[in-house]
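User: Could you walk me through the charged pairs in this one? I'd like to hear the reasoning behind the labels.

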Amino acid sequence: MPKIIFLPHKELCPEGAVVEVEKGESILDAALRSGIDIEHACEKSCACTTCHCIVREGFDSLEESSELEDDMLDKAWGLEPESRLSCQAIVTNEDLVIEIPKYTINHAREH
Ligand code: FES
């Protein structure tokens, strides 16, 4: 089974985590299942950016993002070339290394 390595995030997983995933599962679902509470304000319908993550390894193994996802991503806080919306990013056979950005757009507004 492929696995996802979540890099440490101060609030969500201070020690980082390694999660086994089923092929076809989204990065967000794998995280939530493991108690890593990534925000998902639109309930996974590709209509917010709060589930934004950065794929540090394995980016090319993911199914390609849709145009809608790309449009949404443009609004994400801390966008990088390897950014994805974790609710839309479906795991295939390869391991991934995921960074959860420090802020979401909700936080960024507050700070
Ligand atoms: S939860 Fe809103 S886009 Fe992923």
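Analyst: Sure, here's a quick chat about the salt bridges and the exposure labels; keep in mind that the model is predicted.

User: How many salt bridges does the structure hold?
Analyst: The count comes to 6.

User: Why is the contact between R33 and E25 called a salt bridge?
Analyst: The closest N and O atoms of R33 and E25 are 2.9 Å apart. The cut-off is within 4 Å, so the pair qualifies.

User: What makes E25 buried or exposed?
Analyst: E25 has 13% relative accessibility. Buried means under 20%, so E25 counts as buried.

User: And why is R33 called partly exposed?
Analyst: R33 has a relative accessible area of 48%. Partly exposed lies between the 20% and 50% cut-offs, so the label fits R33.

User: How do you know that E99 and R56 form a salt bridge?
Analyst: Their side chains meet at 2.7 Å, N to O, and the limit is 4 Å, so that's a salt bridge. The pair links distant parts of the chain: E99 sits in strand β5 and R56 in strand β3, 43 residues apart.

User: What makes E99 and R56 partly exposed?
Analyst: E99 comes in at 26% and R56 at 32%. Both values fall between 20% and 50%, so each is partly exposed.

User: Which residues are linked with R56 in a network of salt bridges?
Analyst: E80 and E99.

User: What about R84 and E69, buried or exposed?
Analyst: Both are buried. Their side chains meet in a salt bridge at 2.7 Å, N to O.

Definitions and conventions
Residues numbered from 1 in each chain as written. Predicted model: local features only at pLDDT ≥ 70, side-chain atom pairs only at ≥ 80, totals over all residues. Heavy atoms only, no water. Buried < 20%, exposed > 50% of the residue type's maximum accessible area, 1.4 Å probe, protein only. Helix = DSSP H or I, 4+ residues; strand = E, 2+ residues; numbered from the N terminus.
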